[in-house]
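Visitor: Could you take me through one part of this structure slowly, and then show me how that part sits among the rest? I am in my first year, so please explain the terms as you go.

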Amino acid sequence: MGPTKAIVKGQALYEALGGKLIKDGFTNRQDMEEYVSRHYLTLPVVDQQGRPWLLDGKPVYCLHGTQYETMNDARVHLVRCPDCGGMGIQFDELVAESDCIHCTACGHEFDARLEMMET
């Protein structure tokens with residue numbers, strides 16, 4: 001069982017599955033993120049422009065650094081785009097040596113393994 005997955009509506013946090021109010025009255029995103037870091041909560045992943053990652057219209061959450069899950073606890077293989085921070089989805093390719101990733105936000109295509117080796 002991981003942290004409670006929350007969604008943001010206006011200046012308030014709600015449980016992602018039940019819709020129950022967690023806390024409201026936040027003045028800015030930083031205050032909200034500080035509250036989340038002090039409690040056992042997680043927010044949807046966002047790109048560098050603050051747009052949430054959506055998979056089939058539902059937010060995606062990052063647990064333990066690189067492990068991504070949907071609201072219903074289904075693990076998904078996603079990668080953060082090095083250019084825009086958007087959601088990268090793996091292509092089904094015939095080449096086994098490559099992990100071709102396509103960013104849904106900016107369209108950038110990259111190989112996750114090569115990106116890791118270069119950094």
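Guide: Two strands are said to pair if DSSP finds at least two bridges between them. With that in mind, we can look closely at the salt-bridge network and the strands around it, remembering throughout that this is a predicted model.

In β8, the residue that bridges to glutamate 69 is arginine 75, and the strands β7 and β8 pair in the antiparallel sense over two bridges. Strands of a sheet pair through backbone hydrogen bonds, either parallel or antiparallel. Between β7 and β8 the hairpin has four residues, and there aspartate 73 takes a positive phi near 65 degrees.

The side chains of this region also take part in charge pairing. Side chains of opposite charge can pair when their charged atoms come close. Here Lys5, Glu69, Asp73 and Arg75 are linked in a network of salt bridges. Within this network, lysine 5 forms a salt bridge with aspartate 73, and their closest N and O atoms are 2.7 Å apart. Because lysine 5 lies in strand β1 (residues 4–9) while aspartate 73 lies in the loop between β7 (67–70) and β8 (75–76), the pair ties together parts that are 68 residues apart in sequence. Lysine 5 is buried, with a relative accessible area of 9%, whereas aspartate 73 is exposed, with a relative accessible area of 51%.

From aspartate 73 we can follow the chain back to β7, which is joined by four bridges to strand β6 (residues 58–63), the two running antiparallel. Leucine 63 has glutamine 67 in β7 as its bridge partner, and in the hairpin of β6 and β7, with three residues between the strands, histidine 64 takes a positive phi near 60 degrees.

From lysine 5 we can turn instead to β1, which belongs to an open sheet of four strands in the order β3-β2-β1-β4, with mixed pairing. The strands β3 (21–23) and β4 (41–42) stand at the edges with a single partner strand each, so one side of each is left without a neighbour in the sheet. Four bridges join β1 to β2 (residues 12–15), and these strands run antiparallel; among the paired residues, lysine 9 has alanine 12 in β2 as its bridge partner.

Across β1, β2, β3 and β4 lies the helix α1, running at about 40 degrees to β2. The largest nonpolar core has eight residues, namely Ala6, Leu13, Phe26, Met32, Tyr35, Val36, Leu41 and Leu43, and its largest share, three residues, comes from α1. A second, separate core of six residues includes Trp53, Val60, Leu78 and Met87.

To set the network in context, a search of the whole structure finds five salt bridges. One of them joins glutamate 33 to arginine 29, with the closest N and O atoms 3.0 Å apart, and both residues lie in helix α1 (residues 29–38), four residues apart, about one turn of the helix. Glutamate 33 is partly exposed at a relative accessible area of 39%, and arginine 29 also counts as partly exposed, at 35%. In another salt bridge the side chains of aspartate 47 and arginine 51 meet at 2.8 Å, N to O; here aspartate 47 counts as buried at 7% relative accessibility, while arginine 51 counts as partly exposed at 42%.

Terms used
Residues numbered from 1 in each chain as written. Predicted model: local features only at pLDDT ≥ 70, side-chain atom pairs only at ≥ 80, totals over all residues. Heavy atoms only, no water. Salt bridge = Lys/Arg side-chain N within 4 Å of Asp/Glu carboxyl O. Buried < 20%, exposed > 50% of the residue type's maximum accessible area, 1.4 Å probe, protein only. Contact = heavy atoms within 4.5 Å. Axes fitted to C-alpha atoms, helices over the stretch in contact; angles between N-to-C directions. Core = buried A, V, L, I, M, F, W, Y, C linked by side-chain atoms within 4.5 Å.
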